[in-house]
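Me: Got a model up on the screen and want to talk it through. Can we go over strands, holes and odd backbone spots?

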Amino acid sequence: MRPILMKGHERPLTFLKYNREGDLLFSCAKDHNPTVWFADSGERLGTYRGHNGAVWSCDVSRNSTTLITASADQTAKLWDVQTGSPLFTFQFDSPCRSVDFSIGDKLAVITTDQFLDIPSAIHVKRISIDPEDDIDEQSGESVVTIKGVSVGRRINRAVWGPLNRTIISGGDDAVLRIWDAETGKLLKESDKESGHTKGITSLVKSADGSHFKNGFIRQVGEALGH
């Protein structure tokens, strides 16, 4: 296998994401400009311009038409993958850290950092637009907001659990938590003595959603004592 070197970002990379088919690779960096590449050749297709801060995370819809990005400029943006046009901007009062589309792409979970007296939080947004739809259908209102997850600690990542019924989060306090996606109620958290000893910086689901990776692979239920 011949390694492919992709050059284009001017500052350090922060996140990489393949689309469902694996033919596109999306990259985020501290240079404000998410970029999409052909995965098999490394050719750059284009750049998504509009953020004014480091971009920490992204996700792409299952049909590869819509991209969502989280940025330190206190916004999360929806983009048309093909044209690079911004479709909608979610405004927050603190930097955005991570984003994740639900199964079906009708919801997105977005995490925001602690900022001054604003705690780190988890926000669920309804995704009502498609590049072919009327942008007026999209709203910035949150369906659910979960605050006070870990006082003084940042939530680094939140992903959807099986069938969009739960949200799994991890952060600087080294604790994995499962939340009810409809009510925001805490359902379970990992044991601090048997779990990670340092902050959780990444959380990735398997293709079928039954496992996730946070430094090592675990079943969702097993990791949280089910």
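Below is a chat about the model, one topic at a time.

Me: What kind of model is this, and how are its residues numbered?
Reply: This is a predicted model, where local features need pLDDT of at least 70, side-chain atom pairs count only at pLDDT 80 or more, and totals for chains, interfaces and linings use all residues. Side-chain values use heavy atoms, with hydrogens and water left out, and residues are numbered from 1 along each chain as its sequence is written.

Me: What is the strand order in the open sheet of four strands?
Reply: Strands here are DSSP runs of E with at least two residues, numbered from the N terminus, and two of them pair if DSSP finds at least two bridges between them. The edges are β13 (155–160) and β16 (186–189), each pairing on one side only. The pairing is antiparallel, and the order reads β13-β14-β15-β16.

Me: Which residue in β14 stands opposite Trp160?
Reply: β13 and β14 (residues 166–171) run antiparallel and are joined by five bridges. Across from Trp160, the residue in β14 is Ile167.

Me: Which UniProt feature covers residues 155–189, and how much of that stretch is strand?
Reply: The unreviewed UniProt entry lists "repeat: WD" for residues 6–47, 48–89 and 155–189; such annotations may be inferred rather than shown by experiment. Over 155–189 the end C-alpha atoms sit 14 Å apart. That stretch has 0% helix, and its strand share is 57%.

Me: Which residue in the turn between β3 and β4 has a positive phi?
Reply: β3 (residues 35–38) and β4 (residues 44–47) pair in the antiparallel sense over three bridges, and Val36 has Gly46 as its bridge partner in β4. The two strands form a hairpin with five residues between them. The turn residue with a phi of about 80° is Gly42.

Me: Where does Ser64 sit, and is it buried or exposed?
Reply: Most residues other than glycine have a negative phi. Ser64 has a positive one, near 60°, and lies in the loop between β5 and β6 (66–71). Buried means under 20% relative accessible area and exposed over 50%, with partly exposed in between (1.4 Å probe, protein chains only). At 15% relative accessibility, Ser64 is therefore buried.

Me: What about Ala174: what is its phi, and is it buried or exposed?
Reply: Ala174 is in the loop between β14 and β15 (177–180). Its phi is positive, near 70°, in a residue other than glycine. Because its relative accessibility is 9%, Ala174 counts as buried.

Me: How far apart in space are Phe88 and Ser139?
Reply: Phe88 belongs to strand β8 (residues 86–91) and is buried, with a relative accessible area of 18%. In sequence, Phe88 and Ser139 are 51 residues apart. From C-alpha to C-alpha, the distance in space is 8.7 Å.

Me: What volume does the largest cavity have?
Reply: On a 1 Å grid over the protein atoms alone, a cavity is a set of points where a 1.4 Å probe fits but cannot get out, and a pocket is an open set with protein on both sides within 12 Å along at least five of seven lines; lining residues have an atom within 4 Å of a point. Points are joined across faces, edges and corners, and a volume is the space filled by probe spheres set on them. A search of the whole structure finds one cavity of 30 Å³ or more. The largest cavity comes to about 40 Å³.

Me: Which strand gives the most to the lining of the largest cavity?
Reply: Ten residues is not a long list to click through: the 10 lining residues include Ile155, Gly170, Gly171, Asp173 and Arg177, the closest to the centre. By class, the lining has three nonpolar, four polar and three charged residues (Ala, Val, Leu, Ile, Met, Phe, Trp, Tyr, Cys and Pro count as nonpolar, Asp, Glu, Lys and Arg as charged, the others, Gly among them, as polar). With three residues, the top contributor is β14.

Me: Which strand gives the most to the lining of the largest pocket?
Reply: The largest pocket has a volume of about 790 Å³. Its lining has 29 residues, with Lys17, Arg62, Lys205, Ser206 and Ala207 nearest the centre. They divide into 13 nonpolar, seven polar and nine charged. With four residues, the strand that gives the most is β1.

Me: Which strands each supply at least two residues to the lining of the second largest pocket?
Reply: The second largest pocket holds about 200 Å³ of space. Of its 13 lining residues, Thr14, Trp56, Arg97, Asn156 and Thr201 are closest to the centre. The strands are β1, β5, β9 and β13.
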